[in-house]
Amino acid sequence: RFDKHLALKLAAACHACYSLYQAPEQFAPPDGYHLIDRFPVSMNGISDFGYLAVSDREAILAFRGTQKTEEWIANAVFSQSEFCYVPNAGHVHSGFLYIYQQMRDRIVNVVGELPGSMKLLVTGHSLGGALATLAVADLAWHYVGSQVNLYTFASPRVGDRDFVEFF
């Protein structure tokens, strides 16, 4: 069910991802949350693509959209690859998967350390929406927490019909 206040909070969390990229020393997670980890990707230099922040009741995993030329090139890779983290889950955009794979182990490890009862909110804007979708498909399959939720903003299509049906 759509929640306007939650959507606005997660839009702000997405916006914070851009400040994490543009001015990391000035980055601050949303009010009431503290930073647990950042998720770097190496594409002609290393830059953070997202972060995990927690409050007393919930965690936010947020991803940013495209900022660098190399990221635009990854966006333009129109081939598909098997979504290897979930059996028989279909195929996804190879460029999005390439970026997600660089963060995946770190994300799974950090999320795996959250209390099992903690709600996980996953969000992203544009390319970050695609990464959030991949993360939710992966984490919902492996994460033992009680609830994994997804809010994306201007996300491109991520996978084929089989992936959509799995998702």
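Me: Happy to look at this one with you! How many residues lie between β2 and β3 in the hairpin they form?
Reply: Glad to help; bear in mind that this is a predicted model. Strand β2 covers residues 46-54, and β3 covers residues 58-63. The two strands run antiparallel, joined by 5 bridges. They form a hairpin, and the number of residues between them is 3.

Me: Which residue in β3 is the bridge partner of Val54?
Reply: Strands β2 and β3 are antiparallel, and the pairing can be followed residue by residue. For Val54, the partner in β3 is Ala59.

Me: What about the other side: how many bridges join β1 to β2?
Reply: Strand β1 spans residues 34-42 and runs antiparallel to β2. These two strands also form a hairpin, with 3 residues between them, and Asn44 in the turn has a positive phi of about 55 degrees. The count of bridges joining β1 to β2 is 8.

Me: Which residue stands opposite Leu52 in the pairing of β1 and β2?
Reply: Leu52 belongs to β2, which pairs with β1 in antiparallel fashion. Along the chain, the residue in question is 15 residues from Leu52, yet their C-alpha atoms are separated by 5.4 Å. The residue standing opposite Leu52 is Asp37.

Me: Is Leu52 buried or exposed?
Reply: Leu52 touches residues that include Ile36, Phe39, Leu61, Val110 and Leu120. Its strand is largely enclosed by the rest of the structure, because 8 of the 9 residues of β2 are buried. With a relative accessible area of 0%, Leu52 falls under the 20% cut-off, so the word for Leu52 is buried.

Me: Let's move to the loop between β1 and β2. Which residue 56 places away in sequence from Met43 is 8.8 Å from Met43 in space, C-alpha to C-alpha?
Reply: Met43 sits in the loop between β1 and β2, and Met43 is buried at a relative accessible area of 8%. Leaving out residues up to four places away in sequence, Met43 touches Lys68, Glu70, Glu71, Ala74, Tyr98, Ile99 and Gln102. The one at 8.8 Å, C-alpha to C-alpha, is Ile99.

Me: Now the interior. Which element gives the largest share of the largest nonpolar core?
Reply: That core has 39 residues, and Leu61, Phe83 and Leu120 touch the most other members. The elements giving two or more residues to this core are β1, β2, β3, α3, β6 and α4. The largest share is 9 residues, and the element behind it is α4.

Me: How many residues are in the second, separate core?
Reply: In soluble globular proteins, nonpolar side chains tend to be buried together. Here a second core is separate from the largest one, and Ala13, Leu20, Tyr33 and Ile60 are among its members. Its number of residues is 15.

Me: Where is the kink in α3 centred?
Reply: Helix α3 has 19 residues, which should span 27 Å at 1.5 Å a residue; the end C-alpha atoms are 25 Å apart, which agrees. Even so, α3 holds a kink of about 50 degrees. Buried residues in α3 include Phe96, Ile99, Tyr100, Met103 and Ile107. The kink is centred on Met103.

Me: What is the relative accessible area of Thr133?
Reply: Thr133 is placed in helix α4. Setting aside neighbours within four places in sequence, Thr133 is in contact with Leu150, Thr152, Ser155, Val158, Phe163 and Phe167. Thr133 is buried, and its relative accessible area is 10%.

Me: And Asn75, in α2: buried or exposed?
Reply: Asn75 is in helix α2, residues 69-75. Beyond its sequence neighbours up to four places away, Asn75 touches Thr66, His93, Phe96 and Leu127. A relative accessible area of 15% is under 20%, so Asn75 counts as buried.

Me: One last thing: how many disulfides does a search of the whole structure find?
Reply: A disulfide would need two cysteine sulfur atoms within 2.5 Å. The search of the whole structure finds 0 disulfides. For Cys17, the nearest cysteine sulfur, that of Cys14, is 6.1 Å away, and Cys17 is in no disulfide. Cys17 is buried at 0% relative accessible area, whereas Cys84 is partly exposed at 47%. The number of disulfides found is 0.

Conventions:
Residues numbered from 1 in each chain as written. Predicted model: local features only at pLDDT ≥ 70, side-chain atom pairs only at ≥ 80, totals over all residues. Heavy atoms only, no water. Helix = DSSP H or I, 4+ residues; strand = E, 2+ residues; numbered from the N terminus. Buried < 20%, exposed > 50% of the residue type's maximum accessible area, 1.4 Å probe, protein only. Contact = heavy atoms within 4.5 Å. Pairing = 2+ DSSP bridges. Core = buried A, V, L, I, M, F, W, Y, C linked by side-chain atoms within 4.5 Å. Expected span 1.5 Å × (residues − 1). Bend = angle between axes of the 7 residues up to and from the residue.
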